[in-house]
Every structure is written in structure tokens, then in C-alpha cells.
Amino acid sequence: MPGAPAADAAMVCATCGATPTPEEAATAALTWSRGTENGREVWTCAACSRRHLRSIEGKLDSAWW
């Protein structure tokens, strides 16, 4: 699936360090936010994404709006 993490790469929240629980593992690629920083893929868990939504939106180019 495009955008899904590689099978051998563990998803770790770049903000809080959380990893998906075994129950969340199947859906984490759909509920977590994925970004690219300095050419590397970074993930943000759903809780951190909600907590920092305004900050995330503020970093988007105006073309997104």
C-alpha cells in the first residue's frame, strides 16, 4: 500500500516516541500522520496529531488552502 511503512521499519511517533499497539498495527498507517523531514519519513501518532493540529496546519503551504 502506498504510504504504508516498510515491513521491516517500525512506526515510531516523532513527537512522543509511541509505537502502535498490536491491536493498532493494522490500522496505524491510516490513523497516524506521515510526513517527510530532511528526506526521511516521520510518523506522528493520532493523539499527537490531534494535540498539535494547529501547528501542523500552520506549516502547510498556502496552496493547500
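**Exercise 1. Which residues make up the largest nonpolar core?**

Solution. The structure is a predicted model.

Step 1. The largest nonpolar core has 7 residues: Met11, Cys13, Ala28, Trp32, Trp43, Cys45 and Cys48.

Step 2. Take three of these members in turn. Tryptophan 32 has a relative accessible area of 8%, cysteine 45 has 8%, and cysteine 48 has 1%. A residue counts as buried under 20%, so these values place tryptophan 32, cysteine 45 and cysteine 48 in the buried class.

Step 3. As a general point, nonpolar side chains tend to be buried together in soluble globular proteins.

**Exercise 2. Locate tryptophan 32 and list its contacts beyond its sequence neighbours.**

Solution.

Step 1. Tryptophan 32 sits in the loop between α1 (28-31) and β1 (33-37).

Step 2. Setting aside residues within four places in sequence, tryptophan 32 contacts Met11, Val12, Cys13, Ala18, Thr19, Pro20, Trp43, Thr44, Cys45 and Ala46.

Step 3. Consider cysteine 13 from that list. Cysteine 13 and tryptophan 32 are 19 residues apart in sequence, with their C-alpha atoms 8.6 Å apart in space.

Step 4. Now go to threonine 44, which belongs to strand β2 (residues 40-44). Beyond four places in sequence, threonine 44 touches Cys13, Thr15, Trp32, Ser33 and Ser49. Threonine 44 is buried, at a relative accessible area of 16%.

**Exercise 3. How many disulfides does the model contain, and how do cysteines 45 and 48 fare under the distance rule?**

Solution.

Step 1. The cut-off needed here is 2.5 Å between two cysteine sulfur atoms.

Step 2. For the sulfur of cysteine 45, the closest cysteine sulfur is that of cysteine 48, at 3.6 Å. The search from cysteine 48 leads back to cysteine 45, again at 3.6 Å.

Step 3. This separation is too far for a bond, so cysteine 45 is not joined to cysteine 48. The count for the model is 0 disulfides.

Step 4. Cysteine 45 also has contacts away from its sequence neighbours: leaving aside residues within four places, these are Cys13, Cys16 and Trp32.

**Exercise 4. Describe the pairing of β1 with β2 and the turn between them.**

Solution.

Step 1. Strands β1 and β2 run antiparallel and are joined by 5 bridges. In one of these strands, β2, arginine 40 is the bridge partner of glutamate 37.

Step 2. The hairpin has 2 residues between its strands. Asparagine 38 lies in this loop and is exposed, with a relative accessible area of 85%.

Step 3. Phi of asparagine 38 is positive, near 50°. Most residues other than glycine have a negative phi.

**Exercise 5. Find the salt bridge and state whether its two residues are buried, partly exposed or exposed.**

Solution.

Step 1. A search of the whole structure gives 1 salt bridge. Glutamate 41 and arginine 34 form a salt bridge, with their closest N and O atoms 3.6 Å apart. The cut-off is 4 Å, so this pair qualifies.

Step 2. Glutamate 41 is partly exposed at 38% relative accessible area, and arginine 34 is partly exposed at 46%.

**Exercise 6. Which element has the lowest mean pLDDT, and which the highest?**

Solution.

Step 1. The chain as a whole has a mean pLDDT of 83, and 83% of its residues reach 70 or more.

Step 2. Among the elements, helix α3 (residues 53-58) is lowest, with a mean of 79, and β2 is highest, with 93.

Note on methods: Residues are numbered from 1 along each chain as its sequence is written. This is a predicted model: local features need pLDDT of at least 70, side-chain atom pairs count only at pLDDT 80 or more; totals for chains, interfaces and linings use all residues. Side-chain values use heavy atoms; hydrogens and water are left out. Helices (H or I, at least four residues) and strands (E, at least two) are DSSP runs, numbered from the N terminus. Buried means under 20% relative accessible area, exposed over 50%, partly exposed in between (1.4 Å probe, protein chains only). Contact means heavy atoms within 4.5 Å. A nonpolar core is a set of buried Ala, Val, Leu, Ile, Met, Phe, Trp, Tyr and Cys residues joined through side-chain atoms within 4.5 Å. pLDDT is the predictor's confidence in each residue, from 0 to 100. Two strands pair if DSSP finds at least two bridges between them. A salt bridge is a side-chain nitrogen of Lys or Arg within 4 Å of a carboxyl oxygen of Asp or Glu.
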